[in-house]
Each structure stands twice: as C-alpha cells, then as structure tokens.
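Reader: I have a chain on my screen and a list of labels for its parts. Please take me through how those labels are earned.

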Amino acid sequence: MEADVENIQKEEWGSICEDSNIPKAELKHVLYKLKYQILLEKTQRQKHLMIRISQIAAVLILPLALFFLFRDNKNVSDTVKQLSFVELHCPEGARTKFTLPDGSMGWLAGGSTVTYPTSFEKHRNISVEGEAFFSVERDEKHPFVVELNDFKVSVLGTEFNVLNYKDEPVSEVVVLSGLVEVSGKTKRFVKQLEPNKKLQLQKDKNKIYLSDVNARSYTSWIEGRLEFNNEYLESVCRKIERFYDVDVELNNKGLENNLFRANVKIGSLEELLKYMSTALPIKYELVDAKESADGKIMQRKLIISRE
C-alpha cells in the first residue's frame, strides 16, 4: 500500500511540474511539505490497521489537494508564492530527516516541528519545537538562527542538538562540532559553546547550567539508538512516549525518582521494557491500541508499576 501511495505522489508531482505556468524554482520546497522522509521503526509497521490507513490517507490527500489547487487556480504564481514557509511535523514513534534550502541537513525526533522559509536568500532563520539535530552548511555572511521557546541559537556552520519540548522541565543545547551562541529569552544570557559542551535551562528555577558531555550520546537517536545516562524514570518515560508512540502511566508514587542507565537500539519496545525490569524494581503491562465504541482510536498504553 505504501508503494501505491509513493507512485501516486510521483505521478501527481510530475503533472504539477509539467505545467508551464508554475515557476519551478519556487516548487522545490513544496515537495518537502508533501513528502518529508519519515523513517518509521520496524515496530511501527505492526500498528493497528486503522491507524495505518489514516496515516496513508493523510499523505495522499495533501498532494492531491495541491494538485487541484494548481490546476484550477489561474493565478498560479501568486498561489505558490504564498506558500513561503514549510512546516514539517514528525509524529511520535518516528524520526524525520530533512534538507533545508541552503543544503543544511536536519533530523526531527518524535512529536517535534520545524518551520522554515522556502528560500534562504536574505536570512537563515528557522523555528523548532521539540528535539532536532542540525548539520549546518557554513556561510559567514548569513548566520543560521534557530528560534526556540526558551532561547535562540546562532551558528555559522556546525553540528548541534536542541531539545525544547513544552512539557519538558528542561531545555538543552549540545554542541557536536563548531561554535554555537545561545541567548536566553525567559532568562537573559548569552553563552558561547564549544564541542562537547551542554547548556541546560531548568525551567522551574529559571537557571542555566553548563557542563562537559559526550555530545554523541545526545545525538545517537539520529542513528537509531537511545542513551539514558542516569536519567530519572520520569524523563525516560517521556522519551519512550516520543520514540515508541505509546502513552506511559507510572502507577506508584516515587517510581519517577528511580535512575536508569542504558544504551539501546530503537527497536522492540518489549526488549527495552524487559531490560528495564531487570535493572529497576518495576513490572509493566502493555495495552494494545484499539477502537473505542465511538469509533476513536485509543493509543497503545504502557503501565509501569512497582515490583
């Protein structure tokens, strides 16, 4: 079924691009909005059939809608120009790779969104909510700026990871290579970070902390691995929700304060849970996704209790 959707997308995109009235230079990043390469893990392929059908339908409807828009609107050039920004959203349980107009490469983690202009002619300004990794093409005349809820990141050409979810108690910037300037919004500050440096903002205290880290442990998710470095179980559960598309419930008070350390491949949730149950005093129950009486799809649920 995915192959059929892929073929339909290619046919419709080819038909649009053959229209001589459409300025081809402005279409390049519309394609990113139609089809940004979501890398679903193997376990996600086993999702409930109705969930899969709804995802495929969403992928199919957007290019078809744009196809009819281009065919029916006489003022095609103005319509395309109005699509001046691209917004990519990565669903939970997936990772998304994308390329920006200047050739810079990025990754989005589950539950994250990136918004950027279709052209970087004057500025290279983008915004991110969630977690993202960037490998930025160097351009000393045009700094690369990432706007987040809590701070702004400015670089010329470097590799770095940002974490800025609304429901996370901390926001972070970790530098893999090059130099990064971070300026605060909720808390006023300006800091320059070198490779293997982490800046963390604790939201409840409105305080920043600088530390030396192994940056690759914070970017391993783009290679399909998760590293937990003595993290509280509460934080581990939030990552599980985003990378495995499952609703997690901690059943006993105090469980969230258990520390967990592991380096695991993003694959079978069952394998991760079995390892967690040997390292921590916990037991777990997985409740499969199902359709409710009113026709809604209930998300798969993980219940963690004290052993």
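Author: Start with "buried". A residue is buried under 20% relative accessible area, exposed over 50% and partly exposed in between, with a 1.4 Å probe and protein chains only. Helices (H or I, at least four residues) and strands (E, at least two) are DSSP runs, numbered from the N terminus. This is a predicted model, where local features need pLDDT of at least 70, side-chain atom pairs count only at pLDDT 80 or more, and totals for chains, interfaces and linings use all residues. Residues are numbered from 1 along each chain as its sequence is written, and side-chain values use heavy atoms, leaving out hydrogens and water.

Reader: Which residues of α7 are buried?

Author: In α7, residues 269-279, they are Leu269, Leu272, Leu273 and Met276. They cover an arc of only 95° around the axis, so they sit on the same side of α7. The arc is taken from the directions from the helix axis to the C-beta atoms. An α-helix has 3.6 residues a turn, so residues three or four places apart point the same way.

Reader: What does the face of α7 turned away from the buried side carry?

Author: That face carries the exposed residues Glu271, Lys274 and Thr278.

Reader: What covers the buried residues of α7?

Author: The cover includes α6 (233-244), β17 (259-265), β18 (282-287) and β21 (301-306). Contact here means heavy atoms within 4.5 Å.

Reader: What caps the N-terminal end of α7?

Author: Serine 268 does. One of its side-chain oxygens lies 3.3 Å from the backbone nitrogen of glutamate 270.

Reader: Why is α6 called largely enclosed?

Author: Because 11 of its 12 residues are buried. Among them are Arg238, Lys239, Glu241 and Arg242, along with Leu233, Val236 and Phe243.

Reader: How do you know that the span of α6 agrees with what is expected?

Author: The expected span is 1.5 Å times one less than the number of residues. For the 12 residues of α6 that gives 16 Å, and the end C-alpha atoms are 16 Å apart, so the two agree. Aspartate 245 follows α6 and has a positive phi, near 50°.

Reader: What makes β13 and β14 a pair?

Author: Two strands pair if DSSP finds at least two bridges between them. β13 (residues 197-202) and β14 (residues 207-212) have 6 bridges, in the antiparallel sense. Lysine 198 has serine 211 in β14 as its bridge partner. The two strands form a hairpin with 4 residues between them. In the turn, asparagine 206 has a positive phi of about 55°.

Reader: Leucine 255 lies in a loop, between β16 (247-250) and β17. Why does leucine 255 count as buried or exposed?

Author: Its relative accessibility is 0%, so leucine 255 counts as buried. Leaving out residues up to four places away in sequence, leucine 255 touches Leu233, Leu250, Pro281, Ile282, Ile304, Ser305 and Arg306. Arginine 306 is 51 residues away along the chain, yet the two C-alpha atoms are separated by 7.0 Å.

Reader: And glutamate 121, in the loop between β5 (112-117) and β6 (124-135): why does glutamate 121 count as buried or exposed?

Author: At 67% relative accessibility, glutamate 121 counts as exposed.

Reader: Last one. What touches threonine 219, in helix α5?

Author: Beyond neighbours within four places in sequence, threonine 219 contacts Phe133, Asn161 and Leu176. Its relative accessible area is 4%, so threonine 219 is buried.

Terms used: A polar contact is a pair of N or O atoms within 3.5 Å; within protein, one must be able to donate a hydrogen and the other to accept it, and residues adjacent in sequence count only if both atoms are side-chain atoms.
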